[in-house]
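This report describes strand pairing, aromatic contact and pocket lining in a single protein model. The sequence and coordinates are shown first.

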Amino acid sequence: MADFEERIDVVECKAPWGCWYQTLEEVVAEVTLEPGTKAKEIKCKLSGKKLTTVVRGKEIMNGTVAGNVVTDDFLWTVEDNKLLRIVITKSDRTGRDCWQSLLQGQYPADPQVYDDMEKKLTMERVQRENPGLNFADAEISGNYQGGGPQWDK
C-alpha cells in the first residue's frame, strides 16, 4: 500500500463516490462512506479484471479495470467507518502504465489531471532508477508520456 510520503504527492482524479489515484505499483480508489458504515455492509470484489463494489446494497462501481493487474494482490479496508480504500496492484510497475481511467469507460481523468499523473509516475520511475540522486525539487517537462525517455543500461 502507498506509504504516507507517497500519498502526499498523489494526483487525484475526482469521481462521484470520492477519488482515485495511482503510483508506480498501485491504483487506489477512495470511496466516501456514510458515517458509521461497517465492513460487513460492503461487498468489494476483483475477479479477473472485473471490479464490483456494493455498499449497503447500492452498487458504487461495476466494470473492467483499465489496466493489467495482479488479481491475487487486491485489498480493501474501511477506515474510521467513513472511508473505503480499495488498493489494486498493477502488473506493470515500470511507470509506463499510467491509467487514463479507473474502469474502462468510467471515471476518466481529465486531460490535465492525466498529464499530471504521467509526470508524477515518470518522476517516481526516474527516482527509483537513480536512488542516489535527490529529485525533491525537480520538475519534469518534455518527453514524459508513456513513462518518459528510455535509457540503455
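## Strand pairing around β2

Strands β2 and β3 form a hairpin with three residues between them; strands are DSSP runs (E, at least two residues; helices are H or I, at least four), numbered from the N terminus. The model is predicted, so that local features need pLDDT of at least 70 and side-chain atom pairs count only at pLDDT 80 or more, while totals for chains, interfaces and linings use all residues. Residues are numbered from 1 along each chain as its sequence is written, and side-chain values use heavy atoms, with hydrogens and water left out.

β2 and β3 (residues 26-32) pair in the antiparallel sense over five bridges, where pairing requires at least two DSSP bridges between two strands. On the other hairpin, β1 and β2 are separated by two residues and are joined by three bridges, again antiparallel. Bridge partners and facing residues of β2 are listed below.

| Residue in β2 | Opposite residue and strand |
|---|---|
| G18 | A15, bridge partner |
| C19 | E30 in β3 |
| Y21 | V28 in β3 |

These strands belong to an open sheet of five, in the order β1-β2-β3-β8-β7, with antiparallel pairing. Because β1 and β7 (69-79) stand at the edges with a single partner strand each, one side of each is left without a neighbour in the sheet. Neighbouring strands are turned by 20 degrees against each other on average, direction ignored.

## Burial and the helix

Five of the five residues of β2 are buried, that is, under 20% relative accessible area with a 1.4 Å probe on protein chains only (exposed is over 50%, partly exposed in between). Helix α2 (residues 111-129) lies across β1, β2 and β8 (83-90), running at about 35 degrees to β2; axes are lines fitted to C-alpha atoms, for helices over the stretch in contact (heavy atoms within 4.5 Å), and angles run from 0 to 180 degrees between N-to-C directions.

## The aromatic pair

The structure holds one aromatic pair. W17 and Y107 are edge-to-face, at 5.1 Å centre to centre and 80 degrees between the planes; ring centres must lie within 6.5 Å (the six-membered ring for Trp), with planes under 30 degrees apart counted as stacked, over 60 as edge-to-face and the rest as tilted. W17 lies in the loop between β1 (13-15) and β2 (18-22), and Y107 in β10 (residues 106-108), 90 residues apart. Both W17 and Y107 are buried.
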